[in-house]
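Okay, everyone, thanks for squeezing me in. Let me put the structure up and then walk you through a few spots in it.

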Amino acid sequence: MFKKIVLCMLLCVGAVYAKQLHFVFISNGLDVDPFWNVIKNGINDAAKEVDARVDYRNSPTGDRTEMARILQAAISQRPDGIIISIPDKDALGKDIKRALDLKIPVINVNAGVEAGKELGIKNYIGSNEYQGGMLLGEQAKKAGVQSFVCVNQEITNTVLEQRCQGFADGLGVKNNMLDSSSDPSEIQKRLAPYLDKVDAVVTLGPVSAGATIGLLKSKRMKKHFVTFDLSPEIIAGIKEGVLLSAIDQQPYLQGYLPVILLSKYVPYGLLPDGDIYTGPALVTKENVDLVDKLTGKFR
């Protein structure tokens, strides 16, 4: 009888560890932004490696209320872990705390490192956005730039504001942020009046960068033009000299690493102590060929 009880206990424990893990990845990514496709590549590769089910969820328009509803629905499923970007602590904080109170492991990615810490999340995986902006701003200052406009396609995202503020501080001037919307034609319409007034243009992602590349080409203008994140269009812009540089935050790792970490934490309690910074890394004409063939998949 004792042997049967022990055997049953071992089999039951084995069954718990053998079950397929289920994670929910909730992002503030817009459907029109190709940046998040690279994150999805990382998620999918990691899920295959550890045989986990990972559901990617987002609001197509980046609506914070909808993000909160998505998070609430995920919590009701009681997944083995939640991976989430935090563009707005006020909109998401209450539900994140609820997930943590229910002992659902949460990893913060891409946005909201400070907010995540305040809410009690132990790990952040993503870039240091302010430092990325500072790096670009310091370079602009050395190039003689004195004024700029920062094109913000998602004005409610505090992370994007950090990028603009970092650039302003690196340059040593007041922040000048333009609420551009995420529509390419609207971006061009709102940005056009600034082109004769500023020395530099900063864009914060592929959507605004692509629209700005098209605008500058149509007007045959050259500006001290830099951006955040990568896309085939941004890479081409750097090669052509329309863009001077781009900050790469290695989004593939932001999708890949949290899935891997949770797959070890849930059954074994293993988790690194602290944050993992995936950027900023600078891409210029000097090293653009090294990342060109990887853009859209790994970069």
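**A walk through the model**

Let's start with Asp273, which is exposed, with a relative accessible area of 82%. For burial I'm using three classes: buried is under 20% relative accessible area, exposed is over 50%, and partly exposed is in between, with a 1.4 Å probe and protein chains only. Asp273 sits in the loop between helix 11 (251-268) and strand 11. Helices (H or I, at least four residues) and strands (E, at least two) are DSSP runs, numbered from the N terminus. The C-alpha atoms of Asp273 and Leu160 are 26 Å apart, with their positions 113 residues apart along the chain.

Quick housekeeping. This is a predicted model, where local features need pLDDT of at least 70 and side-chain atom pairs count only at pLDDT 80 or more, while totals for chains, interfaces and linings use all residues. Residues are numbered from 1 along each chain as its sequence is written, and side-chain values use heavy atoms, with hydrogens and water left out.

So how confident is the predictor? pLDDT is its confidence in each residue, from 0 to 100. The chain has a mean pLDDT of 91, and 94% of its residues reach 70 or more. Over residues 9-16, though, the pLDDT is below 50, and that stretch has zero contacts in the model beyond near neighbours in sequence. Contact here means heavy atoms within 4.5 Å. Where pLDDT is low, the predicted coordinates should not be read in detail.

Now the sheet. Six strands make an open sheet with parallel pairing, in the order 2-1-3-4-5-11. Strand 2 and strand 11 (276-279) are at the edges with a single partner strand each, so one side of each has no neighbour in the sheet. From one strand to the next, the twist averages 15°; the axes behind that are lines fitted to C-alpha atoms, for helices over the stretch in contact, and angles run from 0 to 180 degrees between N-to-C directions.

Two strands count as paired if DSSP finds at least two bridges between them. Strand 1 (residues 22-27) and strand 2 are parallel and share six bridges, and Ile26 has Arg57 in strand 2 as its bridge partner. Strand 3 (residues 81-84) and strand 4 (residues 106-109) also run parallel, joined by three bridges. There, Ile83 is partnered with Ile107 in strand 4.

Off the end of strand 2 (53-58), Pro60 is in the loop leading to helix 3 (64-76). Pro60 is partly exposed, at 38% relative accessible area. Not counting residues up to four places away in sequence, Pro60 touches Leu30, Asp31 and Glu66.

Next, helix 9 (residues 206-219). Does the geometry come out long, short or as expected? The 14 residues should span 20 Å at 1.5 Å a residue, and the end C-alpha atoms are 20 Å apart, which agrees; the expected span is 1.5 Å times one less than the number of residues. Ten of those 14 residues are buried, so helix 9 is largely enclosed by the rest of the structure. What covers the buried residues includes helix 2 (35-50), strand 6 (148-152) and helix 10 (232-240). Right after helix 9 comes Arg220, with a positive phi near 50°.

Last stop: is Arg163 buried or exposed? Arg163 lies in helix 7 (residues 158-171) and is buried, with a relative accessible area of 2%. Leaving aside neighbours within four places in sequence, Arg163 contacts Glu129, Gly133, Leu204, Phe228, Asp229 and Gln249.

How values were computed
pLDDT = per-residue confidence, 0-100.
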